[in-house]
Amino acid sequence: MPEQPSLDLLIERPILKSFEFQLNLSDQKYLDYYRGSIKQVLVQCTDGVTIEFPASLLTKFVTSTGVHGRFVLTCDDEHKGSELSRMSPTNQNHR
């Protein structure tokens, strides 16, 4: 009897895309996003691609001086399931 394929091989996994960028928003500029007058963030990635994502993804990175650092936005091919993370300072120096 032929061997059955593994169930893992039959499940199609989404391909994730990653976009890396630097962000420096002052506390005053972030207020526009916080108040909802600006709902989308538009950034240019390190590879030159321009992307747009919901400002709500920035909330967990806000400090008293705004939002600063190098970030990675990850999403699937349909740009769904977006997740934003800040790169560690160690990784920032190697890019």
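Guide: Before we start, one rule: two strands pair if DSSP finds at least two bridges between them. Keep in mind, too, that this is a predicted model.

Visitor: What makes E1 and E4 a pair, then?
Guide: Strand E1 (residues 16-26) and E4 share 11 bridges, in the antiparallel sense. The rule asks for at least two, so they qualify as paired. If you want a spot to click on, Glu-20 stands opposite Val-72 in E4.

Visitor: How many bridges does E4 make with E5?
Guide: E4 and strand E5 (residues 83-86) have 4 bridges, again antiparallel. With at least two needed, that counts as pairing as well. Here Phe-71 stands opposite Arg-86 in E5.

Visitor: Why is E4 called mostly covered?
Guide: Strand E4 runs over residues 66-76, and 9 of its 11 residues are buried. Buried means under 20% relative accessible area. Cys-75 is at 2% relative accessibility, so it counts as buried.

Visitor: Speaking of Cys-75, why is there no disulfide to its closest cysteine?
Guide: A disulfide is a covalent bond between the sulfur atoms of two cysteines. The closest cysteine sulfur to that of Cys-75 sits in Cys-45, 9.9 Å away. The cut-off is within 2.5 Å, so the two are too far apart for a bond. The disulfide count comes to 0.

Visitor: And Cys-45 itself, is that buried or exposed?
Guide: Buried: its relative accessibility is 5%, and the limit is under 20%.

Visitor: What makes Phe-21 and Phe-71 a stacked pair?
Guide: The structure holds 4 aromatic pairs. In the one between Phe-21 and Phe-71, the ring centres are 6.0 Å apart and the planes make an angle of 25°. Centres must lie within 6.5 Å and planes under 30 degrees apart, so the pair passes on both counts and is stacked.

Visitor: What does that pair tie together?
Guide: Phe-21 belongs to strand E1 and Phe-71 to strand E4, so the pair joins parts 50 residues apart in sequence. Both phenylalanines are buried. Ring pairs also link Phe-21, Phe-53, Phe-61 and Phe-71 into a cluster.

Visitor: Which residues have the most contacts inside the largest nonpolar core?
Guide: Phe-21, Phe-53, Leu-58 and Leu-84, in a core of 20 residues. At least two residues of this core come from each of E1, helix H2 (27-34), strand E2 (40-44), strand E3 (50-54) and E4.

Visitor: What is Phe-53 in contact with, leaving aside neighbours within four places in sequence?
Guide: Its partners include Phe-21, Leu-58, Leu-73 and Leu-84, plus Lys-39 and Gln-40. Contact here takes heavy atoms within 4.5 Å.

Conventions
Residues are numbered from 1 along each chain as its sequence is written. This is a predicted model: local features need pLDDT of at least 70, side-chain atom pairs count only at pLDDT 80 or more; totals for chains, interfaces and linings use all residues. Side-chain values use heavy atoms; hydrogens and water are left out. Buried means under 20% relative accessible area, exposed over 50%, partly exposed in between (1.4 Å probe, protein chains only). Rings of Phe, Tyr and Trp (its six-membered ring) pair if their centres lie within 6.5 Å; planes under 30 degrees apart count as stacked, over 60 as edge-to-face and the rest as tilted. A nonpolar core is a set of buried Ala, Val, Leu, Ile, Met, Phe, Trp, Tyr and Cys residues joined through side-chain atoms within 4.5 Å.
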